[in-house]
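Take a look at the sequence and the structure below. Then read on, one part at a time.

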Amino acid sequence: MKRLLFLLLLVASFALASLSFAAASPAPDFSLSTLDGKKVTLSSMKGKVVLLHFWASWCPPCKKELPSLVSLHREMQEKGLVVLAVSIDRSESALRSYMTENSLPFTVLYDRNKEVAFNGYPVPGLPTTYLIDRNGAISRRIVGKRDWTSSAMKDEVIRLLGGKK
C-alpha cells in the first residue's frame with residue numbers, strides 16, 4: 001500500500017511540475033561550452049525554434065532516444081530548428097568517450113556543474129526536453145524518452161516553426 005501511495009504521489013508531482021511549464025514562460029538564458037571550448041548562449045538563438053535536450057551518456061533511455069532526435073534534426077534544421085543537447089555527464093572524459101564513438105550532428109554542450117539542469121531548468125529525470133519558440137518562450141517541457149520521428153512530435157515542432165512542412 002505504501003508503494004502504491006508513493007507511486008501516486010510521484011506521478012502527481014511530475015504532472016504538477018509539467019503543468020508549471022504548460023504556459024509560455026521565458027526560457028532562462030544560459031552560457032555553456034562545447035567540448036572544444038566554444039561558448040553557446042541560449043539568447044543567441046532568439047528568432048529560432050530551439051529543442052533544448054538534457055541527457056547523459058550513462059542514461060539508457062537517452063541513448064535509445066538519440067537516433068530519433070538525430071533524424072528530427074536532419075529533417076528540420078533547414079526549416080529553422082536548432083537542437084542543443086546538454087549533457088550532465090559525471091565527467092568530461094565520459095562524455096568525450098561517448099562522443100568519440102557516436103558522432104552527433106547537433107550542438108552538444110557540457111553542463112559541468114549541473115547548474116543549468118538543476119537551477120535554470122527543472123530536470124526531474126533524464127531525458128528532459130524543452131521546446132522553446134522563436135520568441136524565447138518555453139512552449140513545452142517533455143520528461144522521458146520520446147520518438148522524435150513520430151507524427152505527434154514532428155507536428156509539434158512544425159507548429160513552432162510556423163507550420164512549414
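## Strand β4 and its parallel partner

Which residue in β5 does Val-50 stand opposite? Val-50 faces Val-82. The chain gets from β4 to β5 by way of helix α2, residues 60-76, and this β-α-β crossover is right-handed. This is a predicted model, and that applies to everything below.

β4 covers residues 49-55, and β5 covers residues 81-87. The two strands run parallel and are joined by seven bridges. Another of the pairings links Leu-51 with Val-83 in β5.

How many of the seven residues of β4 are buried? Seven of the seven are, so the strand is largely enclosed by the rest of the structure. Now look at its two sides. Val-49, Leu-51, His-53 and Trp-55 lie on one side, and they are buried. Val-50, Leu-52 and Phe-54 lie on the other, and they are buried as well. Both faces of β4 are therefore covered, since each of these residues counts as buried. In a regular strand, side chains alternate between the two faces of the sheet.

## Strand β5 and the next step

β5 is also mostly covered, with seven of its seven residues buried. Leu-81, Val-83, Ala-85 and Ser-87 point one way. Val-82, Leu-84 and Val-86 point the other way.

Where does the chain go next? β5, helix α3 (residues 92-101) and β6 form a right-handed β-α-β unit. Strand β6 spans residues 107-110. Four bridges join β5 to β6, and the two run parallel. Within this pairing, Leu-84 has Thr-107 as its bridge partner in β6.

## Strand β7 and Thr-129

β4 has a further partner, β7. Five bridges join the two strands, which run antiparallel. The bridge partner of His-53 in β7 is Thr-129.

Thr-129 sits in β7, which covers residues 128-132. Is Thr-129 buried or exposed? Thr-129 has a relative accessible area of 0%, so it is buried. Its side chain makes a polar contact with the side chain of His-53, at 2.7 Å. So the pair is linked twice: by a bridge between strands and by a polar contact between side chains. Beyond its neighbours within four places in sequence, Thr-129 is in contact with several residues, among them Leu-51, Leu-52, Arg-140 and Trp-148.

## The nonpolar core

The largest nonpolar core has 50 residues. Which of them touch the most other members? They are Leu-52, Leu-84 and Tyr-121. Two of these are already familiar: Leu-52 belongs to one face of β4, and Leu-84 points to one side of β5.

Tyr-121 has contacts far along the chain. Leaving out residues up to four places away in sequence, its contacts include Ala-27, Phe-30, Leu-42, Val-116 and Ile-138. Tyr-121 also touches Leu-52 and Phe-54, which lie together on one side of β4.

## Ser-57 and its loop

Ser-57 lies in the loop between β4 and α2. Ser-57 has 10% relative accessibility, so it counts as buried. Which side chain makes a polar contact with the side chain of Ser-57? The partner is Asp-89, at 2.4 Å. Not counting residues up to four places away in sequence, Ser-57 also touches Lys-63, Ala-94 and Tyr-98.

## Backbone details

Two places in the backbone deserve a look. The peptide bond from Leu-126 to Pro-127 is cis, with omega near -10°. Pro-127 lies in the loop between α4 (115-120) and β7.

Lys-114 has a positive phi of about 60°, although it is not a glycine. Lys-114 lies in the loop between β6 and α4. Its relative accessibility is 17%, so Lys-114 counts as buried.

## How far to trust the model

The chain has a mean pLDDT of 88, and 85% of its residues reach 70 or more. Where does pLDDT stay under 50? It does so over residues 2-22. For this stretch the model has twelve contacts beyond four places in sequence. Where pLDDT is low, the predicted coordinates should not be read in detail.

How values were computed:
Residues are numbered from 1 along each chain as its sequence is written. This is a predicted model: local features need pLDDT of at least 70, side-chain atom pairs count only at pLDDT 80 or more; totals for chains, interfaces and linings use all residues. Side-chain values use heavy atoms; hydrogens and water are left out. Buried means under 20% relative accessible area, exposed over 50%, partly exposed in between (1.4 Å probe, protein chains only). A polar contact is a pair of N or O atoms within 3.5 Å; within protein, one must be able to donate a hydrogen and the other to accept it, and residues adjacent in sequence count only if both atoms are side-chain atoms. Contact means heavy atoms within 4.5 Å. Two strands pair if DSSP finds at least two bridges between them. A crossover is right-handed if, with the strands pointing away from the viewer, the path from the first strand over the helix to the second runs clockwise. A nonpolar core is a set of buried Ala, Val, Leu, Ile, Met, Phe, Trp, Tyr and Cys residues joined through side-chain atoms within 4.5 Å. pLDDT is the predictor's confidence in each residue, from 0 to 100.
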